Amino acid sequence: MEALQRIITTLANKNEELHNFIETLSHSLAGVQVNSTQVISDLEEEFDTLFSILDEMKESMTNTIKQEQARKSHELQNQLTQSTNALESAEELLEFANNALHIKDEEEFAKAAKQIKDRVTMAPAFRLTMKPKATDSMTHLMVDFSQERQLLQKLIFLPVPRAPEIEAQDCLVMDNTVNLVWRMPVEDSKIDHYILEYRKTEHEGLPRVKDERCWEVVDNIKTTEYTLTGLKFDSKFMNFRVRACNKAAAGDYSDPVTLETRAFNFSLESSSSHLNLKVEEGSVEWDPQGGKGLESKIKGKENKGSAHLANLKNMSRSGTPSPKRAASARSPAVRGGRDRFTGESYTVLGDTSMDCGQHYWEVKALKDCKSYSIGVAYRNLGKFDQLGKTNTSWCIHINTWLQTSLAAKHNNKAKSLDVAVPEQIGVYCDLDGGQLSFYNAESKQLLHTFKTKFNQPVVPAFMVWCGGLTLSTGLQVPSAVRSFQKTENGIGGSSGSLNSMAQ
């Protein structure tokens with residue numbers, strides 16, 4: 001049964017590959033037609049201005065283009081037909097395999113499984129190459145009529161650089177940068193520059209024709225190496241391809257390379273934030289006027305019938321409320337699966353939880369921000385709870401109201417930190433190692449480390465009063481932080497009295 005299930009999984013994966021490959025072939029086939037037509041049109045336009053000289057060569061070169069079109073079309077059409085037939089055969093075999101799972105008779109099941117195994121061995125889907133035998137590029141058939149007229153008698157198609165080869169093993173993804181390295185299969189002194197194209201994707205493997213994101217272009221690269229910096233990694237992978245250009249034309253693209261670019265991404269959860277906070281996807285600001293209209297509506301409903309309001313609250317809450325929660329009339333109905341923060345808990349949480357691995361994000365306070373906290377918390381943090389005052393939240397708190405202070409807080413205990421408050425703070429959360437560290441985002445100076453054991457998933461948590469915060473997500477754990485964690489393994493000097501086991 002397990003072997004058959006593996007076969008079914010393999011067939012399903014192969015079918016998906018074939019679907020993608022057929023789309024690629026169809027796209028290439030259409031591209032051959034479009035690009036061939038465009039090349040011929042350009043060629044005819046040039047010939048129209050110099051027809052008296054180029055009349056004889058026009059027919060010859062046009063035929064060459066058409067022959068190339070026919071050759072590519074024939075090769076791609078044959079591949080398309082073979083792939084379509086292979087897909088039909090694979091789908092039929094997959095259906096047969098799925099039906100075999102329902103055979104009750106052991107002998108019949110064994111016979112069917114053997115038949116499936118034999119058919120898979122001979123299935124055309126596993127003998128097909130997944131690389132098109134021809135590209136849709138027709139640039140090698142372009143011509144340039146800018147030379148002197150006497151040279152037109154010797155006119156030939158322009159030499160086009162060969163496709164570069166990306167050295168995937170030498171490419172490096174680190175610190176939200178990607179360093180790409182490639183080489184030419186043969187030395188070509190006529191190459192003037194390279195064009196690098198990249199796009200984000202959620203799909204591993206070869207790029208898909210129907211992808212939701214467009215290629216971005218970096219032109220005029222003079223070496224066979226380039227580093228993309230300042231990237232936000234908000235997709236699982238990125239596709240890369242390179243083409244070489246001489247003074248006249250651009251060559252074919254290299255075989256694409258897909259690199260993994262995973263990072264921690266989250267937004268702020270406005271549905272449960274305090275009414276005095278104005279929350280956007282990547283920022284939060286204190287709003288002293290926030291929620292006043294909603295509170296007056298709630299009070300009006302209370303005047304009309306407090307019993308009806310109590311029923312609505314009980315229906316909207318997902319859990320059994322505490323006596324303190326039941327007595328509160330300021331909180332609106334539950335949204336996002338939990339109560340909205342209220343009272344003096346000017347809190348907003350991230351919308352993405354973390355239960356394993358290492359994660360990193362950065363926070364920057366507005367210049368006029370008087371008081372704010374940055375940390376993590378369990379999602380069951382009470383709506384009246386303030387960050388760092390419970391055993392379910394850990395944070396550093398910055399106060400600039402009268403004098404500047406920085407403190408680490410957890411379980412209603414605070415430890416003053418004798419370090420300057422940085423402009424931007426990096427948060428490193430290691431769920432596996434039981435560690436929460438705060439850094440100066442620019443210098444990577446360690447501010448404080450909590451050592452603890454998280455027994456539940458945690459979410460980023462923030463408190464703001466009189467000011468605002470902006471977030472930077474989609475960041476990899478910086479190499480300097482990783483190196484520090486490896487060598488120091490979480491220095492306890494700045495966190496001694498606050499080290500605790502998570503509840």
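A residue counts as partly exposed when its relative accessible area falls between the 20% that bounds buried and the 50% that bounds exposed. With that in hand, here are five close-ups of this predicted model.

**View 1. Trp 401 and Trp 465 meet as an edge-to-face aromatic pair.** At 27% relative accessibility, Trp 465 is partly exposed, and Trp 401 is also partly exposed, at 48%. The ring centres lie 5.4 Å apart, with 70° between the planes. Trp 401 belongs to the loop between β15 (393–399) and β16 (405–410), while Trp 465 belongs to strand β21 (residues 458–465), so their pairing ties together parts that are 64 residues apart in sequence. If you enjoy hunting for rings, the structure holds 13 aromatic pairs.

**View 2. Four aromatic residues are linked into a cluster, and the largest nonpolar core includes two of them, Trp 361 and Phe 462.** Ring pairs join Phe 264, Phe 266, Trp 361 and Phe 462. The largest nonpolar core has 47 residues, and those touching the most other members are Trp 361, Ile 396, Leu 436, Phe 438, Phe 454 and Phe 462. Strand β21 supplies the largest share of this core, six residues. Elsewhere, a second, separate core of 21 residues has Ile 166, Leu 180, Ile 221 and Met 238 among its members. In soluble globular proteins, nonpolar side chains tend to be buried together.

**View 3. Two arginines sit over aromatic rings.** Look for Arg 241 over the face of Trp 215, at 4.0 Å from the ring centre. Arg 243 places its charged end over the ring of Tyr 253, 4.3 Å from the centre of that ring.

**View 4. Ser 345 is a buried loop residue.** You will find Ser 345 in the loop between α6 (323–327) and β12 (347–349). Its relative accessibility is 0%, and therefore Ser 345 counts as buried. A polar atom of the Ser 345 side chain lies 2.4 Å from the backbone oxygen of Asp 385. Setting aside neighbours within four places in sequence, Ser 345 is in contact with His 274, Lys 383, Phe 384, Asp 385 and Gln 386.

**View 5. Trp 394 makes a side-chain polar contact with His 410.** Trp 394 sits in strand β15 and is buried, with a relative accessible area of 1%. The polar contact between the side chains of Trp 394 and His 410 spans 3.2 Å. For another landmark, try Asn 411: 17 residues from Trp 394 along the chain, with 7.9 Å between the two C-alpha atoms.

Notes
Residues numbered from 1 in each chain as written. Predicted model: local features only at pLDDT ≥ 70, side-chain atom pairs only at ≥ 80, totals over all residues. Heavy atoms only, no water. Phe/Tyr/Trp six-rings, centres within 6.5 Å; stacked < 30°, edge-to-face > 60°. Helix = DSSP H or I, 4+ residues; strand = E, 2+ residues; numbered from the N terminus. Buried < 20%, exposed > 50% of the residue type's maximum accessible area, 1.4 Å probe, protein only. Lys NZ or Arg CZ within 6 Å of the ring centre and 35° of its normal. Core = buried A, V, L, I, M, F, W, Y, C linked by side-chain atoms within 4.5 Å. Polar contact = N/O pair within 3.5 Å; in protein donor to acceptor, adjacent residues only side chain to side chain. Contact = heavy atoms within 4.5 Å.
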